Amino acid sequence: MNELRELFNNARSRFVYARLNDGDLGIAMTGITAEQAERFLNSLIERVEDQILMINDQTVQVTVSAGLVKAASGNLLVGSREADNLAFSAKQNGGNQLAM
């Protein structure tokens with residue numbers, strides 16, 4: 001649990017974030033293992049799911065569908081396409097999950 005706490009605390013400075021399109025966010029996670037990235041994303045999915053937003057007096061629940069790939073040789077473009085395809089599959093399979 002301490003490892004996840006540290007990842008969340010350092011995520012802003014260690015990871016690179018980019019808006020990919022209307023509702024998609026890409027995160028390049030450097031300096032961590034695939035297993036750490038998987039735990040981080042699953043924890044993020046759970047944390048977001050637990051939040052309830054009120055917008056114009058209506059309850060809104062936000063979900064996260066994510067795709068995780070290990071980019072080969074730093075080729076982020078190929079990795080981001082694969083991750084986007086996996087995230088789309090996660091959405092199609094009910095959402096609020098990680099696809100790898």
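Let's start with the largest pocket: helix 3 supplies the largest share of its lining, at 7 residues. Keep in mind that the model is a predicted one. The volume of this largest pocket comes to about 1200 Å³. It is lined by 39 residues, and those closest to the centre are Leu25, Gly26, Ile27, Met29 and Gly67. Helix 3 (76-92) has company in the lining: helix 1 (2-14), strand 1 (15-21), strand 2 (24-29), helix 2 (34-49) and strand 5 (66-67) each give two or more residues as well. And the chemistry of that lining? Sorted by type, its residues split into 25 nonpolar, 9 polar and 5 charged.

Now step back for the overall layout. The protein has 3 helices and 6 strands, and reading from the N terminus the order is α-β-β-α-β-β-β-α-β. Of its 100 residues, 28% count as buried. If you take the contacts between residues at least 6 apart in sequence, 46% of them join residues at least 24 apart.

With that order in mind, go to the two strands that follow helix 1. Strand 1 and strand 2 run antiparallel and are joined by 6 bridges, and the hairpin between them passes through 2 residues. To find your way along this pair, use two positions. Ala18 has Gly26 of strand 2 as its bridge partner, while Phe15 stands opposite Met29, also in strand 2. Gly26 and Met29 should look familiar, since both are among the residues closest to the centre of the largest pocket.

Strand 2 also holds Asp24. Is this aspartate buried or exposed? Asp24 counts as buried because its relative accessibility is 15%, which is under the 20% cut-off. Once you leave aside neighbours within four places in sequence, Asp24 is in contact with Ala18, Arg19, Asp84 and Lys91. Ala18 is the residue we just met as the bridge partner of Gly26. For another reference point, try Ala66: it sits 42 residues from Asp24 in sequence, and the C-alpha to C-alpha distance between the two is 9.3 Å.

Phe15 and Met29 lead us on to the largest nonpolar core. This core has 13 residues, and the ones that touch the most other members are Phe15, Met29, Phe40, Leu41, Leu68 and Leu98. Helix 1 and helix 2 are the elements that give two or more residues to it, with helix 2 giving the most, 4 residues. So which residues does Leu68 contact, leaving aside its neighbours within four places in sequence? The list runs Met29, Ala34, Ala37, Glu38, Leu41, Leu86, Leu98, Ala99 and Met100. Met29, Leu41 and Leu98 appear there, and they are also among the core residues that touch the most other members.

The other hairpin to look at is built from strand 3 (residues 52-55) and strand 4 (residues 58-61), an antiparallel pair joined by 4 bridges. Here Ile55 has Gln58 in strand 4 as its bridge partner. The hairpin has 2 residues between its strands, and Asn56 is in that turn, within the loop between strand 3 and strand 4. What is the phi of Asn56, given that it is not a glycine? Asn56 has a positive phi of about 50 degrees. This asparagine counts as exposed because its relative accessibility is 72%, over the 50% cut-off.

Finish with another asparagine, Asn96, found in the loop between helix 3 and strand 6 (98-99). Asn96 has a positive phi too, about 55 degrees, although it is not a glycine. Its surroundings are another matter: Asn96 counts as buried because its relative accessibility is 18%, under the 20% cut-off. Put side by side, the two asparagines both have a positive phi, yet Asn56 counts as exposed and Asn96 as buried.

Definitions and conventions: Residues numbered from 1 in each chain as written. Predicted model: local features only at pLDDT ≥ 70, side-chain atom pairs only at ≥ 80, totals over all residues. Heavy atoms only, no water. 1 Å grid on protein atoms, 1.4 Å probe; cavity = no way out; pocket = protein on both sides within 12 Å on 5 of 7 lines; lining within 4 Å. Points joined across faces, edges and corners; volume = space filled by probe spheres on them. Nonpolar A, V, L, I, M, F, W, Y, C, P; charged D, E, K, R; others polar. Pairing = 2+ DSSP bridges. Core = buried A, V, L, I, M, F, W, Y, C linked by side-chain atoms within 4.5 Å. Buried < 20%, exposed > 50% of the residue type's maximum accessible area, 1.4 Å probe, protein only. Contact = heavy atoms within 4.5 Å.
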